[in-house]
4 protein chains.
Amino acid sequence: MATLGAEMVHVATGEVDIALPFSERLTQQDGYLHAGVVAGVVDSACGYAALTTMDAGAEVLTVEFKINLLAPAAGERLVARGRVLRTGRTLTVCRGDAFTIDDGREKHVATLTTTMMARVAGPAGRDIAEPS
Amino acid sequence: MATLGAEMVHVATGEVDIALPFSERLTQQDGYLHAGVVAGVVDSACGYAALTTMDAGAEVLTVEFKINLLAPAAGERLVARGRVLRTGRTLTVCRGDAFTIDDGREKHVATLTTTMMARVAGPAGRDIAEPS
Amino acid sequence: MATLGAEMVHVATGEVDIALPFSERLTQQDGYLHAGVVAGVVDSACGYAALTTMDAGAEVLTVEFKINLLAPAAGERLVARGRVLRTGRTLTVCRGDAFTIDDGREKHVATLTTTMMARVAGPAGRDIAEPS
Amino acid sequence: MATLGAEMVHVATGEVDIALPFSERLTQQDGYLHAGVVAGVVDSACGYAALTTMDAGAEVLTVEFKINLLAPAAGERLVARGRVLRTGRTLTVCRGDAFTIDDGREKHVATLTTTMMARVAGPAGRDIAEPS
């Protein structure tokens with residue numbers, strides 16, 4: 001995320017907001033952010049939001065996400081808001097929304113839902129990656 | 001895509017494969033590709049696959065996509081295969097799969113489905129981006 | 001919907017709520033509503049919500065939906081709330097949430113996002129169903 | 001499923017096909033199967049396919065699914081094919097496709113991806129339903 005110039009602008013239990021200033025490097029020829037970049041930032045906001053509800057030392061893996069693109073992401077800044085909808089023993093479900101800020105006006109550009117999985121870090125850690 | 005070092009390695013009607021060499025810039029601290037990067041590459045393969053079925057001059061917009069991450073994306077190279085499932089007047093539905101290549105062995109790391117929308121380019125072009 | 005015993009309990013522009021009383025016929029051996037039933041009811045609430053924003057005579061088709069099941073749907077009644085997130089010329093994006101009501105207490109059991117397509121009814125109507 | 005008149009017509013490890021004859025009770029005024037019914041049948045085919053890869057006594061819960069409707073489901077019979085894409089310790093990812101059979105011709109009407117969770121049955125069973 002740091003590579004992209006993103007920063008967390010709000011952190012609370014079950015809530016993380018990430019802001020990303022637009023840059024030429026991230027936009028396509030039409031000035032819009034690529035769908036993968038928008039998805040990646042909202043997914044990250046959701047992942048960090050999920051982390052705020054987990055034990056220290058836990059890591060979070062994205063199991064799946066789905067994004068609906070509501071409008072092209074153009075402007076000065078993208079804000080992604082990740083919110084935990086449900087915390088379980090193994091799985092956490094989050095909703096994330098992306099807004100562009102342009103000249104002080106906010107526009108809803110994407111909505112995402114995701115399933116996250118908690119993984120206890122460590123050499124013995126087994127996770128979704130492992131053959132079963 | 002070029003910024004990422006990606007290249008098209010297969011193009012046929014309704015089919016596009018994109019290969020992406022791993023680089024430090026794209027991977028996280030654990031050596032895995034970020035979910036947003038995997039999603040972006042598979043979404044692009046699907047978008048180009050959709051384009052092969054459209055009239056010249058058409059552009060393609062991602063309406064939505066959903067990705068299931070099956071295993072961490074680690075290795076030397078990621079190959080994303082976009083395939084058109086259905087072409088309609090307005091909407092095209094594609095499936096995309098991502099595989100990592102490591103030491104000659106292929107591993108299925110993600111599967112994605114997406115709805116794409118054709119947009120005729122030009123100043124009068126109205127699309128999903130427009131205020132309704 | 002009528003077959004299921006469902007009824008609309010709230011209608012406003014961009015908003016429809018549907019209530020469904022639990023019945024033996026709809027539940028599985030464990031007393032829970034089948035995921036398909038929950039999905040169908042929330043999808044319907046979204047479809048009717050989309051209809052409230054369209055011209056008279058329009059019909060609505062579900063292009064895709066995704067549902068995350070947050071908890072088993074058990075109780076006396078299911079309430080599905082469909083809300084329009086974005087209205088476009090061709091596509092409408094909605095969010096829907098399902099809650100069970102049990103002994104006066106509400107529980108969030110599912111969240112859904114969907115893309116709907118407007119179709120003008122009539123013999124000349126061409127839609128997603130047609131071969132392209 | 002039995003209530004709907006559905007039956008399993010193919011079972012192998014990681015594979016289950018379910019066939020559903022059309023009936024007036026299941027179709028809408030236009031003769032098409034409701035999206036929720038199609039989704040429910042494909043989700044069931046995936047759930048049973050997941051079960052074939054699990055230990056005896058295991059139960060399977062749908063965590064999430066996403067369906068793209070490719071064409072209206074009209075005809076004599078619907079066949080849903082559930083296939084396991086990945087089996088993990090906790091989660092199983094499946095793909096399901098629905099086809100209508102009309103006058104001997106098969107038409108691809110829907111594609112679905114889903115995450116399933118194994119649950120060991122029993123009084124001590126804790127699952128996605130539980131408060132965490």
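In this predicted model, start with two helices that meet across chains. Helix α1 of chain C and helix α1 of chain D each span residues 35–51. They pack with their axes 8 Å apart, at an angle of about 155 degrees. Angles over 145 degrees count as roughly antiparallel. α1(C) and α1(D) are therefore roughly antiparallel to each other. Their crossing is right-handed.

Which residues make the contact? From α1(C) come C:Ala35, C:Gly36, C:Val37, C:Ala39, C:Gly40 and C:Asp43. From α1(D) come D:Ala35, D:Gly36, D:Val37, D:Ala39, D:Gly40 and D:Asp43. Six of the contact residues are nonpolar, four are polar and two are charged.

Now turn to the sheet. It is open and is formed by 12 strands with antiparallel pairing. Follow the order through chain C: β1(C)-β2(C)-β4(C)-β5(C)-β6(C)-β3(C). Next comes β3(D), and the order goes on through β6(D)-β5(D)-β4(D)-β2(D)-β1(D). At the edges stand β1 (7–12) of chain C and β1 (7–12) of chain D. Each has a single partner strand, so one side of each is left without a neighbour in the sheet. Neighbouring strands are turned by 25 degrees against each other on average, direction ignored.

Look at one pair inside chain C. Strand β2 (residues 15–21) and strand β4 (residues 77–87) run antiparallel, joined by seven bridges. Here C:Val16 stands opposite C:Gly82 in β4(C).

Last, put helices and sheet together. α1(C) lies across strands of chain C, β4 among them, together with β3 (58–69) of chain D. It runs at about 45 degrees to β4(C). α1(D) lies across β3 of chain C together with strands of chain D, and runs at about 45 degrees to β4(D).

Definitions and conventions: Residues numbered from 1 in each chain as written. Chains lettered and ligands numbered in written order. Predicted model: local features only at pLDDT ≥ 70, side-chain atom pairs only at ≥ 80, totals over all residues. Axes fitted to C-alpha atoms, helices over the stretch in contact; angles between N-to-C directions. Helix = DSSP H or I, 4+ residues; strand = E, 2+ residues; numbered from the N terminus. Parallel < 35°, antiparallel > 145°, perpendicular 65-115°, else oblique. Left-handed = near helix turned anticlockwise from the far one by under 90°. Contact = placed C-beta atoms within 7 Å. Nonpolar A, V, L, I, M, F, W, Y, C, P; charged D, E, K, R; others polar. Pairing = 2+ DSSP bridges.
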